[in-house]
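Subject: Structure for your review

Dear colleague,

Please find below the structure I promised to hand over. My notes on what was found in it follow directly after.

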Amino acid sequence: MRRYLLRRLAQAVVVVAGVIVLTFVVARVVPGDPAVAYAGPHASAQALQQVRDQFGLDEPLPAQLWDYVTGTLTGDWGTALHTHRPVLSDLGDVIPPTLELVGFAMLIALLVGIPLGMFAARRGGASDAGVRLGSMLSVSAPVFLLALLLQFIFSQKLGWLPVAGEYDPKLDYTSPLTVYTHMTVVDAAVGLNFPILGSALAHLVLPCIAVAAYPTGVIAQMTRASLIEQLGEDHVRMARGLGYGERAIVRRLALRPALNPVVSVVALMFAYALVNTFLVESIFNWPGLGSYATASIQALDTPAIIGVTLFVAIVYVIATLLVDVVQAWLDPRVQIR
(Lines give C-alpha, C1' and ligand atoms only; values in the text may rest on other atoms or scores of the structure.)
Protein backbone atom coordinates (compact mmCIF):
# COMPACT_ATOMS: atom_id res chain seq x y z
CA MET A 1 0.00 0.00 0.00
CA ARG A 2 2.84 2.40 0.84
CA ARG A 3 4.54 1.76 -2.51
CA TYR A 4 1.26 2.31 -4.33
CA LEU A 5 0.68 5.62 -2.51
CA LEU A 6 4.19 6.85 -3.32
CA ARG A 7 3.74 5.97 -6.98
CA ARG A 8 0.40 7.78 -7.22
CA LEU A 9 1.78 10.78 -5.34
CA ALA A 10 4.71 11.01 -7.80
CA GLN A 11 2.28 10.88 -10.72
CA ALA A 12 0.18 13.64 -9.16
CA VAL A 13 3.24 15.87 -8.76
CA VAL A 14 4.17 15.34 -12.43
CA VAL A 15 0.63 16.23 -13.54
CA VAL A 16 0.57 19.42 -11.46
CA ALA A 17 3.98 20.43 -12.84
CA GLY A 18 2.68 19.87 -16.37
CA VAL A 19 -0.38 22.01 -15.65
CA ILE A 20 1.80 24.84 -14.33
CA VAL A 21 3.93 24.83 -17.48
CA LEU A 22 0.86 24.56 -19.71
CA THR A 23 -0.83 27.55 -18.06
CA PHE A 24 2.34 29.59 -18.64
CA VAL A 25 2.33 28.66 -22.33
CA VAL A 26 -1.37 29.51 -22.67
CA ALA A 27 -0.84 32.85 -20.95
CA ARG A 28 1.89 33.73 -23.46
CA VAL A 29 -0.01 32.47 -26.51
CA VAL A 30 -3.20 34.46 -25.80
CA PRO A 31 -3.14 37.60 -27.97
CA GLY A 32 -2.98 41.00 -26.34
CA ASP A 33 -0.61 42.98 -24.16
CA PRO A 34 -1.00 42.28 -20.42
CA ALA A 35 0.52 45.68 -19.67
CA VAL A 36 -2.24 47.42 -21.64
CA ALA A 37 -4.90 45.30 -19.92
CA TYR A 38 -3.49 46.24 -16.51
CA ALA A 39 -2.73 49.93 -17.06
CA GLY A 40 -5.63 50.67 -19.38
CA PRO A 41 -5.91 51.37 -23.12
CA HIS A 42 -5.11 55.07 -22.69
CA ALA A 43 -2.01 54.62 -20.52
CA SER A 44 1.17 56.43 -21.50
CA ALA A 45 4.23 54.65 -22.82
CA GLN A 46 6.00 55.33 -19.53
CA ALA A 47 3.19 53.76 -17.52
CA LEU A 48 3.20 50.71 -19.78
CA GLN A 49 6.94 50.32 -19.37
CA GLN A 50 6.60 50.54 -15.60
CA VAL A 51 4.02 47.74 -15.68
CA ARG A 52 6.29 45.60 -17.87
CA ASP A 53 9.19 46.16 -15.49
CA GLN A 54 6.99 45.40 -12.49
CA PHE A 55 5.79 42.05 -13.83
CA GLY A 56 8.96 41.11 -15.75
CA LEU A 57 7.25 41.09 -19.15
CA ASP A 58 10.42 42.22 -20.94
CA GLU A 59 12.54 39.34 -19.62
CA PRO A 60 13.42 36.32 -21.84
CA LEU A 61 10.86 33.51 -21.86
CA PRO A 62 13.03 31.06 -19.85
CA ALA A 63 13.43 33.69 -17.13
CA GLN A 64 9.70 34.40 -17.19
CA LEU A 65 8.97 30.66 -16.93
CA TRP A 66 11.30 30.32 -13.96
CA ASP A 67 9.72 33.31 -12.22
CA TYR A 68 6.25 31.92 -12.96
CA VAL A 69 7.02 28.45 -11.60
CA THR A 70 8.77 29.72 -8.48
CA GLY A 71 6.04 32.30 -7.92
CA THR A 72 3.31 29.68 -8.28
CA LEU A 73 5.03 27.36 -5.81
CA THR A 74 5.59 30.18 -3.32
CA GLY A 75 2.06 31.59 -3.54
CA ASP A 76 2.54 34.39 -6.08
CA TRP A 77 -0.07 33.66 -8.76
CA GLY A 78 0.08 37.09 -10.34
CA THR A 79 -2.19 40.12 -10.10
CA ALA A 80 -5.75 40.16 -11.42
CA LEU A 81 -6.20 42.86 -14.02
CA HIS A 82 -9.83 43.69 -13.23
CA THR A 83 -9.43 43.85 -9.43
CA HIS A 84 -5.75 44.92 -9.17
CA ARG A 85 -5.41 42.44 -6.33
CA PRO A 86 -3.29 39.28 -6.08
CA VAL A 87 -5.07 36.41 -7.79
CA LEU A 88 -4.50 34.16 -4.80
CA SER A 89 -6.19 36.70 -2.51
CA ASP A 90 -9.18 36.86 -4.85
CA LEU A 91 -9.38 33.07 -4.95
CA GLY A 92 -9.20 32.95 -1.17
CA ASP A 93 -12.37 35.06 -1.06
CA VAL A 94 -14.38 33.31 -3.80
CA ILE A 95 -13.38 29.65 -3.37
CA PRO A 96 -14.98 29.07 0.08
CA PRO A 97 -18.53 30.01 -1.04
CA THR A 98 -18.20 27.67 -4.04
CA LEU A 99 -16.80 24.85 -1.89
CA GLU A 100 -19.70 25.35 0.49
CA LEU A 101 -22.22 25.17 -2.35
CA VAL A 102 -20.59 22.18 -4.07
CA GLY A 103 -19.94 20.39 -0.76
CA PHE A 104 -23.58 20.52 0.31
CA ALA A 105 -24.67 19.60 -3.22
CA MET A 106 -22.43 16.52 -3.29
CA LEU A 107 -23.67 15.53 0.16
CA ILE A 108 -27.23 15.64 -1.17
CA ALA A 109 -26.17 13.67 -4.25
CA LEU A 110 -24.60 10.92 -2.12
CA LEU A 111 -27.43 10.73 0.40
CA VAL A 112 -30.03 10.53 -2.36
CA GLY A 113 -28.20 8.84 -5.24
CA ILE A 114 -26.76 5.79 -3.45
CA PRO A 115 -30.03 4.74 -1.74
CA LEU A 116 -31.94 5.25 -4.99
CA GLY A 117 -29.40 3.13 -6.86
CA MET A 118 -29.66 0.39 -4.24
CA PHE A 119 -33.44 0.56 -4.42
CA ALA A 120 -33.44 0.29 -8.22
CA ALA A 121 -30.95 -2.60 -8.18
CA ARG A 122 -33.82 -4.94 -7.36
CA ARG A 123 -34.62 -4.72 -11.10
CA GLY A 124 -38.07 -4.72 -12.56
CA GLY A 125 -41.24 -3.09 -11.34
CA ALA A 126 -42.39 0.48 -11.08
CA SER A 127 -39.70 1.43 -8.53
CA ASP A 128 -36.84 0.52 -10.85
CA ALA A 129 -38.45 2.28 -13.81
CA GLY A 130 -39.19 5.36 -11.72
CA VAL A 131 -35.62 5.64 -10.46
CA ARG A 132 -34.17 5.18 -13.95
CA LEU A 133 -36.55 7.77 -15.41
CA GLY A 134 -35.80 10.26 -12.65
CA SER A 135 -32.05 9.71 -13.06
CA MET A 136 -32.30 10.24 -16.80
CA LEU A 137 -34.23 13.48 -16.33
CA SER A 138 -31.81 14.83 -13.73
CA VAL A 139 -28.82 14.06 -15.95
CA SER A 140 -30.30 15.48 -19.15
CA ALA A 141 -31.96 18.61 -17.73
CA PRO A 142 -29.94 21.81 -18.44
CA VAL A 143 -28.73 23.23 -15.15
CA PHE A 144 -29.76 26.80 -16.00
CA LEU A 145 -33.28 25.66 -16.88
CA LEU A 146 -33.56 23.69 -13.64
CA ALA A 147 -32.30 26.68 -11.64
CA LEU A 148 -34.82 29.04 -13.24
CA LEU A 149 -37.61 26.49 -12.73
CA LEU A 150 -36.75 26.11 -9.06
CA GLN A 151 -36.77 29.88 -8.62
CA PHE A 152 -40.12 30.18 -10.39
CA ILE A 153 -41.85 27.45 -8.39
CA PHE A 154 -40.42 27.73 -4.89
CA SER A 155 -39.67 31.46 -4.76
CA GLN A 156 -42.10 33.28 -7.00
CA LYS A 157 -45.15 31.01 -6.91
CA LEU A 158 -44.99 29.33 -3.50
CA GLY A 159 -42.80 31.85 -1.69
CA TRP A 160 -41.19 29.11 0.40
CA LEU A 161 -37.53 29.88 -0.25
CA PRO A 162 -35.48 33.00 -1.09
CA VAL A 163 -34.62 33.62 -4.70
CA ALA A 164 -30.93 34.62 -4.56
CA GLY A 165 -27.98 35.62 -2.42
CA GLU A 166 -26.19 33.95 0.48
CA TYR A 167 -28.47 35.33 3.22
CA ASP A 168 -30.83 38.21 3.92
CA PRO A 169 -28.71 41.40 3.74
CA LYS A 170 -30.95 43.07 6.34
CA LEU A 171 -29.40 40.79 8.94
CA ASP A 172 -26.08 42.65 8.55
CA TYR A 173 -27.63 45.43 10.66
CA THR A 174 -29.37 43.31 13.28
CA SER A 175 -27.04 40.28 13.49
CA PRO A 176 -23.67 41.12 11.87
CA LEU A 177 -21.67 38.08 10.82
CA THR A 178 -18.10 37.51 11.99
CA VAL A 179 -16.12 36.09 9.06
CA TYR A 180 -13.77 33.20 9.77
CA THR A 181 -13.77 31.06 6.63
CA HIS A 182 -15.89 33.02 4.08
CA MET A 183 -18.35 30.10 4.26
CA THR A 184 -21.53 31.70 5.54
CA VAL A 185 -23.05 28.57 7.05
CA VAL A 186 -19.80 27.61 8.78
CA ASP A 187 -19.11 31.14 10.03
CA ALA A 188 -22.65 31.52 11.35
CA ALA A 189 -22.50 28.14 13.08
CA VAL A 190 -19.10 28.86 14.65
CA GLY A 191 -20.22 32.30 15.80
CA LEU A 192 -23.60 30.97 17.02
CA ASN A 193 -25.30 33.51 14.77
CA PHE A 194 -28.59 31.64 14.44
CA PRO A 195 -30.52 34.31 12.47
CA ILE A 196 -27.92 34.29 9.67
CA LEU A 197 -27.49 30.52 9.98
CA GLY A 198 -31.18 29.94 9.31
CA SER A 199 -31.23 32.46 6.48
CA ALA A 200 -28.07 30.99 4.91
CA LEU A 201 -29.45 27.45 4.99
CA ALA A 202 -32.67 28.65 3.36
CA HIS A 203 -30.73 30.48 0.64
CA LEU A 204 -28.58 27.38 0.09
CA VAL A 205 -31.43 24.97 -0.68
CA LEU A 206 -32.31 25.92 -4.27
CA PRO A 207 -28.78 26.36 -5.68
CA CYS A 208 -27.74 23.11 -3.96
CA ILE A 209 -30.58 21.22 -5.61
CA ALA A 210 -29.66 22.71 -9.00
CA VAL A 211 -25.99 21.69 -8.62
CA ALA A 212 -26.82 18.28 -7.12
CA ALA A 213 -29.26 17.19 -9.84
CA TYR A 214 -26.68 15.93 -12.33
CA PRO A 215 -24.40 14.14 -9.80
CA THR A 216 -27.43 12.52 -8.16
CA GLY A 217 -28.59 10.98 -11.42
CA VAL A 218 -25.12 9.74 -12.34
CA ILE A 219 -24.47 8.27 -8.88
CA ALA A 220 -27.86 6.54 -8.83
CA GLN A 221 -27.28 4.97 -12.24
CA MET A 222 -23.73 3.89 -11.38
CA THR A 223 -24.79 2.42 -8.03
CA ARG A 224 -27.61 0.47 -9.66
CA ALA A 225 -25.42 -0.93 -12.45
CA SER A 226 -22.50 -1.78 -10.17
CA LEU A 227 -24.68 -3.42 -7.52
CA ILE A 228 -26.53 -5.51 -10.13
CA GLU A 229 -23.17 -6.71 -11.43
CA GLN A 230 -21.96 -7.65 -7.95
CA LEU A 231 -25.20 -9.45 -7.11
CA GLY A 232 -24.64 -11.68 -10.14
CA GLU A 233 -21.23 -12.90 -8.95
CA ASP A 234 -20.70 -16.57 -8.13
CA HIS A 235 -19.94 -16.03 -4.45
CA VAL A 236 -23.19 -14.09 -4.06
CA ARG A 237 -25.14 -16.93 -5.68
CA MET A 238 -23.45 -19.36 -3.33
CA ALA A 239 -24.46 -17.21 -0.34
CA ARG A 240 -28.05 -17.28 -1.55
CA GLY A 241 -27.86 -21.04 -1.91
CA LEU A 242 -26.64 -21.30 1.68
CA GLY A 243 -29.73 -19.47 2.87
CA TYR A 244 -28.40 -15.99 3.65
CA GLY A 245 -30.93 -13.17 3.49
CA GLU A 246 -30.84 -10.67 0.67
CA ARG A 247 -30.16 -7.72 2.97
CA ALA A 248 -27.21 -9.47 4.57
CA ILE A 249 -25.83 -10.39 1.13
CA VAL A 250 -26.08 -6.81 -0.10
CA ARG A 251 -24.59 -5.32 3.05
CA ARG A 252 -21.74 -7.80 3.60
CA LEU A 253 -20.82 -9.07 0.13
CA ALA A 254 -22.03 -6.77 -2.64
CA LEU A 255 -22.22 -3.19 -1.42
CA ARG A 256 -18.56 -2.51 -0.64
CA PRO A 257 -17.12 -3.65 -4.01
CA ALA A 258 -20.10 -2.04 -5.78
CA LEU A 259 -19.16 1.34 -4.33
CA ASN A 260 -15.68 1.17 -5.87
CA PRO A 261 -16.63 2.62 -9.29
CA VAL A 262 -19.08 4.99 -7.58
CA VAL A 263 -16.18 6.57 -5.69
CA SER A 264 -14.49 7.38 -9.00
CA VAL A 265 -17.69 8.94 -10.26
CA VAL A 266 -17.98 11.06 -7.12
CA ALA A 267 -14.54 12.58 -7.73
CA LEU A 268 -15.39 13.34 -11.34
CA MET A 269 -18.73 14.83 -10.33
CA PHE A 270 -17.05 16.99 -7.69
CA ALA A 271 -14.63 18.36 -10.28
CA TYR A 272 -17.47 18.80 -12.78
CA ALA A 273 -19.61 20.67 -10.26
CA LEU A 274 -16.67 22.84 -9.21
CA VAL A 275 -16.03 24.14 -12.74
CA ASN A 276 -19.66 24.31 -13.87
CA THR A 277 -21.24 26.36 -11.10
CA PHE A 278 -20.92 29.66 -12.96
CA LEU A 279 -24.45 29.42 -14.40
CA VAL A 280 -25.99 28.54 -11.04
CA GLU A 281 -23.97 31.22 -9.27
CA SER A 282 -25.01 33.80 -11.85
CA ILE A 283 -28.69 32.89 -11.58
CA PHE A 284 -28.71 32.79 -7.77
CA ASN A 285 -26.27 35.71 -7.35
CA TRP A 286 -23.84 33.48 -5.47
CA PRO A 287 -20.43 35.17 -4.96
CA GLY A 288 -18.20 32.19 -5.72
CA LEU A 289 -15.56 30.90 -8.09
CA GLY A 290 -17.96 30.73 -11.04
CA SER A 291 -18.94 34.39 -10.70
CA TYR A 292 -15.27 35.36 -10.43
CA ALA A 293 -14.37 33.31 -13.52
CA THR A 294 -17.23 34.90 -15.46
CA ALA A 295 -16.10 38.41 -14.52
CA SER A 296 -12.51 37.51 -15.43
CA ILE A 297 -13.52 36.22 -18.84
CA GLN A 298 -15.62 39.31 -19.54
CA ALA A 299 -12.64 41.51 -18.61
CA LEU A 300 -10.18 39.35 -20.63
CA ASP A 301 -8.21 39.01 -17.39
CA THR A 302 -5.61 36.37 -18.33
CA PRO A 303 -3.88 36.09 -14.90
CA ALA A 304 -7.20 35.54 -13.15
CA ILE A 305 -8.38 33.01 -15.74
CA ILE A 306 -5.07 31.14 -15.49
CA GLY A 307 -5.35 31.20 -11.69
CA VAL A 308 -8.83 29.69 -11.79
CA THR A 309 -7.67 27.04 -14.27
CA LEU A 310 -4.65 26.16 -12.16
CA PHE A 311 -6.72 25.88 -8.98
CA VAL A 312 -9.31 23.63 -10.61
CA ALA A 313 -6.59 21.40 -12.06
CA ILE A 314 -4.88 21.05 -8.67
CA VAL A 315 -8.17 20.24 -6.96
CA TYR A 316 -8.96 17.66 -9.63
CA VAL A 317 -5.55 15.99 -9.21
CA ILE A 318 -5.93 15.89 -5.42
CA ALA A 319 -9.47 14.50 -5.68
CA THR A 320 -8.31 11.82 -8.10
CA LEU A 321 -5.44 10.89 -5.76
CA LEU A 322 -7.82 10.56 -2.82
CA VAL A 323 -10.17 8.43 -4.92
CA ASP A 324 -7.32 6.09 -5.84
CA VAL A 325 -6.45 5.70 -2.16
CA VAL A 326 -10.06 4.92 -1.25
CA GLN A 327 -10.33 2.46 -4.13
CA ALA A 328 -7.16 0.71 -3.01
CA TRP A 329 -8.67 0.40 0.47
CA LEU A 330 -11.99 -0.91 -0.86
CA ASP A 331 -10.38 -3.31 -3.33
CA PRO A 332 -6.70 -4.28 -2.67
CA ARG A 333 -6.43 -5.56 -6.24
CA VAL A 334 -6.18 -1.93 -7.38
CA GLN A 335 -2.71 -1.66 -5.79
CA ILE A 336 -1.14 -4.11 -8.25
CA ARG A 337 -2.15 -2.20 -11.41
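Confidence in the chain is lowest in helix H2 (residues 34–39), where the mean is 64, and highest in H9, where it is 89. Please bear in mind that this is a predicted model. Over the chain, the mean pLDDT is 79, and 82% of the residues reach 70 or more.

Overall architecture

The chain contains 15 helices and zero strands. Of its 337 residues, 40% count as buried. Among contacts in the chain with a separation of 6 or more, 72% are accounted for by residues 24 or more positions apart.

The nonpolar cores

The largest nonpolar core holds 53 residues, and those with the most contacts inside it are Leu91, Leu289, Tyr292, Val308 and Phe311. Two or more residues each come from helix H1 (2–29), helix H5 (87–120), helix H7 (143–157), helix H9 (184–190), helix H10 (194–231), helix H12 (246–275), helix H14 (289–298) and helix H15 (302–330). Helix H10 gives the most to this core, with eleven residues. Apart from this core lies another, of five residues, among them Ala121, Leu227, Ile228 and Ala258.

Phenylalanine 311 shows how distant parts of the sequence are brought into contact. Leaving out residues up to four places away in sequence, Phe311 touches Trp77, Leu91, Ile95, Leu274 and Leu289. Two of these partners, Leu91 and Leu289, are themselves among the residues with the most contacts inside the largest core.

Threonine 98, in helix H5, deserves a look alongside Phe311. Because its relative accessibility is 1%, threonine 98 counts as buried. Threonine 98 touches Leu274, Thr277, Glu281, Trp286, Gly288, Leu289 and Gly290, again not counting residues up to four places away in sequence.

Helix H10

What happens to the course of H10 at alanine 212? The helix bends there by about 40°, and proline 215 follows within four residues. The end-to-end distance of H10 may be set beside this bend: a straight helix of 38 residues would span 56 Å at 1.5 Å a residue, whereas H10 spans only 47 Å between its end C-alpha atoms. At the N-terminal end, H10 is capped by asparagine 193, which places a side-chain oxygen 3.4 Å from the backbone nitrogen of isoleucine 196.

Two residues may be viewed together with H10. Leucine 148, in helix H7, is 58 residues from leucine 206 in sequence, and the two are 9.8 Å apart in space, C-alpha to C-alpha. With a relative accessible area of 44%, leucine 148 is partly exposed. Alanine 141 lies in the loop between helix H6 (125–140) and H7. Alanine 141 and alanine 213 are separated by 72 residues in sequence and by 8.5 Å in space, C-alpha to C-alpha. Alanine 141 is also partly exposed, its relative accessible area being 35%.

Phenylalanine 270

Is phenylalanine 270, which belongs to helix H12, buried or partly exposed? Phenylalanine 270 counts as partly exposed because its relative accessibility is 22%, and buried would require a value under 20%. Setting aside neighbours within four places in sequence, phenylalanine 270 is in contact with Leu99, Val102, Met106 and Val315. One of these, leucine 99, is 171 residues away in sequence, yet the C-alpha atoms of the pair are 9.8 Å apart.

Two histidines with positive phi

Which backbone angle deserves a check at histidine 84? Phi is near 55° there, a positive value in a residue other than glycine. Histidine 84 sits in the loop between helix H4 (61–73) and H5, and is partly exposed, with a relative accessible area of 45%. Histidine 182 likewise has a positive phi, of about 70°, although it is not a glycine. Its place is the loop between helix H8 (171–174) and H9, and at 35% relative accessibility histidine 182 counts as partly exposed.

With kind regards

Key. Residues numbered from 1 in each chain as written. Predicted model: local features only at pLDDT ≥ 70, side-chain atom pairs only at ≥ 80, totals over all residues. Heavy atoms only, no water. Core = buried A, V, L, I, M, F, W, Y, C linked by side-chain atoms within 4.5 Å. Buried < 20%, exposed > 50% of the residue type's maximum accessible area, 1.4 Å probe, protein only. Contact = heavy atoms within 4.5 Å. Expected span 1.5 Å × (residues − 1). Bend = angle between axes of the 7 residues up to and from the residue. Polar contact = N/O pair within 3.5 Å; in protein donor to acceptor, adjacent residues only side chain to side chain. pLDDT = per-residue confidence, 0-100.
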